[in-house]
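Me: Please take a close look at a single part of this model, and then place that part in the setting of the whole chain. I should like the terms you use to be given with their cut-offs.

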Amino acid sequence: MPKCPKCEKSVYTAEELKANNYSYHKGCFRCWMCNTGLDSNNVNPHNEELYCKKCHGRKFGIKGYGFGQGAGSLGMDEGERQGNVGDPSLRSAPAMADAYNSANFGGTGEKTGPGPWCPRCLGTVYPAEEKKGASASWHNKCFTCGFCNKRLDSTTLCDKDGEIFCKACYGRGFGPKGVGYGVGAGSLSTVE
């Protein structure tokens with residue numbers, strides 16, 4: 001007799017609903033986050049847990065700009081409110097560079113192996129992990145903003161002196177200053 005993963009009681013054939021090779025009671029066939037009743041059209045199983053499409057997207061879906069649900073969805077969260085545990089290796093580019101140096105390259109801080117080399121960690125960049133920007137090849141995990149460590153792509157990339165930045169940080173750090181430019185009162189000038 002199969003056991004229901006939600007209530008851990010036996011599931012009889014007459015009341016059995018299946019998803020992802022697990023058997024559930026009709027009353028237990030609900031989203032594990034919002035408790036919405038589910039059916040075969042809107043169920044999204046994840047291991048033994050069931051989610052509606054909305055909650056599944058929030059907990060396991062893509063995060064970042066353009067993937068939110070409504071106003072104010074832009075954020076740097078990794079779903080901690082839904083029980084996700086953030087990946088600490090994604091938090092800071094310098095920490096990632098240190099991890100590359102210590103794990104793969106001996107931690108020498110010097111260029112190692114055949115080129116091309118990543119400007120951030122100085123390790124060899126192989127074609128499978130290569131991102132191009134600022135006239136250089138970068139590791140996928142090192143391809144982050146030099147200020148805020150946000151992940152970058154070709155549409156959000158700005159470069160200065162061989163370092164890469166997101167558009168917001170580039171504008172804040174190197175853009176025009178003064179009235180009308182979001183910095184406050186003062187004379188218009190350009191940071192050099």
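Reply: In the hairpin formed by strands S7 and S8, with two residues between the strands, aspartate 161 takes a positive phi near 55°. Strands (E, at least two residues) and helices (H or I, at least four) are DSSP runs, numbered from the N terminus. The model is predicted, so local features need pLDDT of at least 70 and side-chain atom pairs count only at pLDDT 80 or more, whereas totals for chains, interfaces and linings use all residues. Residues are numbered from 1 along each chain as its sequence is written, and side-chain values use heavy atoms, with hydrogens and water left out.

S7 and S8 run antiparallel and are joined by four bridges; two strands pair if DSSP finds at least two bridges between them. Within this pairing, aspartate 159 has isoleucine 164 in S8 as its bridge partner. Isoleucine 164 also belongs to the largest nonpolar core, of 14 residues, where Cys118, Phe143, Cys145, Leu152 and Ile164 touch the most other members. Strand S8 (residues 163-166) gives the most to this core, with three residues. Such a core is a set of buried Ala, Val, Leu, Ile, Met, Phe, Trp, Tyr and Cys residues joined through side-chain atoms within 4.5 Å. Buried means under 20% relative accessible area, exposed over 50%, and partly exposed in between (1.4 Å probe, protein chains only).

Cysteine 118 leads from this core towards strand S6. Leaving aside neighbours within four places in sequence, cysteine 118 is in contact (heavy atoms within 4.5 Å) with Gly123, Val125, Ser137, Trp138, His139 and Cys142. A second core lies apart from the largest one; it has 13 residues, including Cys4, Ala19, Tyr24 and Tyr51. Alanine 136, placed in S6, has its C-alpha atom 7.3 Å from that of cysteine 118, with their positions 18 residues apart along the chain. Not counting residues up to four places away in sequence, alanine 136 touches Pro119 and Lys131.

The loop between strand S6 (136-139) and strand S7 (157-160) holds threonine 144. Is threonine 144 buried or exposed? At 4% relative accessibility, threonine 144 counts as buried. The side chain of threonine 144 makes a polar contact of 2.9 Å with that of arginine 120. A polar contact is a pair of N or O atoms within 3.5 Å; within protein, one must be able to donate a hydrogen and the other to accept it, and residues adjacent in sequence count only if both atoms are side-chain atoms.

Aromatic residues also occur in this region. The structure holds six aromatic pairs. Tryptophan 138 and phenylalanine 143 form an edge-to-face pair, because their ring centres are 6.3 Å apart and their planes are at 70°. Rings of Phe, Tyr and Trp (its six-membered ring) pair if their centres lie within 6.5 Å; planes under 30 degrees apart count as stacked, over 60 as edge-to-face and the rest as tilted. Both tryptophan 138 and phenylalanine 143 are buried. Tyrosine 170 and phenylalanine 174 form a tilted pair, 5.4 Å centre to centre with 50° between the planes. These two residues lie in helix H3 (residues 167-174), four residues apart, which is about one turn of the helix. Tyrosine 170 is partly exposed, at 27% relative accessible area. One aromatic cluster is formed by Phe147, Phe165, Tyr170 and Phe174.

The positive phi of aspartate 161 has parallels in other loops. Most residues other than glycine have a negative phi. Serine 135, in the loop between strand S5 (130-133) and S6, has a positive phi near 60° and is exposed, at 84% relative accessible area. Asparagine 47, in the loop between strand S3 (44-46) and strand S4 (49-51), has a positive phi near 55° and is exposed at 54%.

Serine 23 offers a further view, in strand S2 (residues 22-25). Serine 23 is buried, with a relative accessible area of 5%, and its side chain makes a polar contact of 2.6 Å with that of glutamate 16. Beyond its neighbours within four places in sequence, serine 23 is in contact with residues including Pro2, Cys4, Val11 and Leu17.

As for the whole chain, the protein has three helices and ten strands, in the order β-β-β-β-α-α-β-β-β-β-α-β-β. Of its 192 residues, 28% count as buried. Among contacts with a separation of 6 or more, 21% are between residues 24 or more positions apart.
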